[in-house]
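Here are some short exercises to work through with the model open beside you. Try each task before you read its solution.

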Amino acid sequence: MSGPSIHVERLVFAYPDGRQALFGVDFTVQRGERVALLGPNGAGKTTLVLHLNGILGSVAGGTGSGRIQVGGTDLHREHLPAIRRKVGLVFQDPDDQLFMPTVRDDVAFGPANLGLRGAELRDRVHEALVQVGMQDHADVAPHHLSFGQRRRVAVATVLAMRPEVLVLDEPSSNLDPASRRELADILSGLDVTLLMITHDLPYALQLCERSLLMDDGRIVADGKTRDLLADQALMAAHRLELPYGFDPLSVPGPER
Ligand SMILES: Nc1ncnc2c1ncn2[C@@H]1O[C@H](COP(=O)(O)OP(=O)(O)OP(=O)(O)O)[C@@H](O)[C@H]1O
């Protein structure tokens, strides 16, 4: 299926304390695209993604204006349950998402709330755990897993809702190189639209053909990740730094 998956138009937002975080954000992400959201601390990245399923915005405090559509549905108060099924958020800290006695219970929580029961629920949970390679850990308590495994289970809790859009906040943070690579393989194999906040620029290059660069509540660049990272003036102007010796032009990008 093609067509826009996320469409944001003239999005403006100020927190209840008056702090303006978004100053008119416009972008569209097509279905199945993988897009990195880059930018320095305080650029507005989290504020933007929290709008995508109505956690923030005029519906939930603060003042704002603009238009958000997910899968062609306008984000209005009356569509919030539908939008929240379409947009799955994976937070930076998996422990914010895991609170049940076992991995299976955590992954079942969302679909059970949707009304799934019995074999249908079991199949849904198994499918999500297979997607992240954690099917052999279904009966384990999440706090007995490694951080990398907990992050994969957090992704599974969201995938079990069969979202159209998967939004990840810093998916590679605190992962060792092997876990980082395993997660990249999992994410690149998913059939979803993916929007990923990251300060890990090589990870953005590896996973996302396209990047949006935010600063001061605005999108200041939108293009191929490789081109953005190779633009030294752009990078310096927005306080982004590649690891020492890393040449974005010498690394193969995502195969799509
Ligand atoms: N709950 C809040 N109340 C008031 N201001 C906030 C709140 N959360 C964020 N802000 C402000 O909004 C602006 C954007 O913050 P945001 O967290 O969206 O940036 P970010 O790009 O995600 O940063 P980081 O990379 O550090 O996570 C900042 O100036 C921040 O101080």
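**Exercise 1. The shell around the ligand**

How do the residues of the shell around the ligand divide into nonpolar, polar and charged?

*Solution.* A word on the model first: it is predicted, local features need pLDDT of at least 70, side-chain atom pairs count only at pLDDT 80 or more, and totals for chains, interfaces and linings use all residues. Residues are numbered from 1 along each chain as its sequence is written.

Step 1: collect the residues. A residue is near a molecule or strand if its C-beta atom, placed from the backbone, lies within 6 Å of it. Around the ligand these are Tyr 15, Asp 17, Arg 19, Ala 21, Gly 39, Asn 41, Gly 42, Ala 43, Gly 44, Lys 45, Thr 46 and Thr 47.

Step 2: sort them. Ala, Val, Leu, Ile, Met, Phe, Trp, Tyr, Cys and Pro count as nonpolar, Asp, Glu, Lys and Arg as charged, and the others, Gly among them, as polar. The shell holds three nonpolar, six polar and three charged residues.

Step 3: look for the main contributor. Helix 1 (residues 45–51) gives the largest share of the shell, three residues. Helices (H or I, at least four residues) and strands (E, at least two) are DSSP runs, numbered from the N terminus.

**Exercise 2. Two sheets**

In what order do the strands of the six-stranded open sheet lie, and which strands stand at its edges?

*Solution.* Step 1: read off the order. Two strands pair if DSSP finds at least two bridges between them. The six strands follow the order 6-7-8-3-9-10, with mixed pairing.

Step 2: find the edges. Strand 6 (87–90) and strand 10 (218–224) each have a single partner strand, so one side of each has no neighbour in the sheet. From one strand to the next, the twist averages 20°. Axes are lines fitted to C-alpha atoms, for helices over the stretch in contact, and angles run from 0 to 180 degrees between N-to-C directions.

Step 3: turn to the other sheet. Here four strands form an open sheet in the order 2-1-4-5, and the pairing is antiparallel. Strand 2 (20–30) and strand 5 (73–74) are the edges, each with a single partner strand, so one side of each is left open in the sheet. Two bridges link strand 4 (residues 63–70) to strand 5, and Gln 69 stands opposite Asp 74.

**Exercise 3. Strand 9 and its partners**

Trace the pairing of strand 9 on both sides.

*Solution.* Step 1: begin with strand 3 (residues 34–38), which runs parallel to strand 9 (residues 210–215) and is joined to it by four bridges. Among the bridge partners, Val 35 goes with Arg 210 and Leu 37 with Leu 212.

Step 2: cross to strand 10, which is antiparallel to strand 9 and shares six bridges with it. Arg 210 has Lys 224 as its bridge partner there. The two strands form a hairpin with two residues between them, and Asp 216 in the turn has a positive phi of about 50°.

Step 3: check burial. A residue is buried if 20 or more other C-beta atoms lie within 10 Å of its own, exposed if 12 or fewer, and partly exposed in between, with C-beta atoms placed from the backbone. Strand 9 is largely enclosed by the rest of the structure because five of its six residues are buried.

**Exercise 4. The largest nonpolar core**

Which residues touch the most other members of the largest nonpolar core?

*Solution.* Step 1: define the set. A nonpolar core is a set of buried Ala, Val, Leu, Ile, Met, Phe, Trp, Tyr and Cys residues joined through C-beta atoms within 7 Å.

Step 2: name the residues. In this core of 64 residues, they are Leu 37, Val 107, Ala 156, Val 167, Leu 195 and Met 196. Helix 5 (residues 147–159) supplies the largest share, six residues.

**Exercise 5. Positive phi**

Where does Arg 10 lie, and is it buried or exposed?

*Solution.* Step 1: recall the background. Most residues other than glycine have a negative phi.

Step 2: place Arg 10. Its phi is near 45°, and Arg 10 sits in strand 1 (residues 4–14). Arg 10 counts as exposed because it has 12 C-beta neighbours inside 10 Å.
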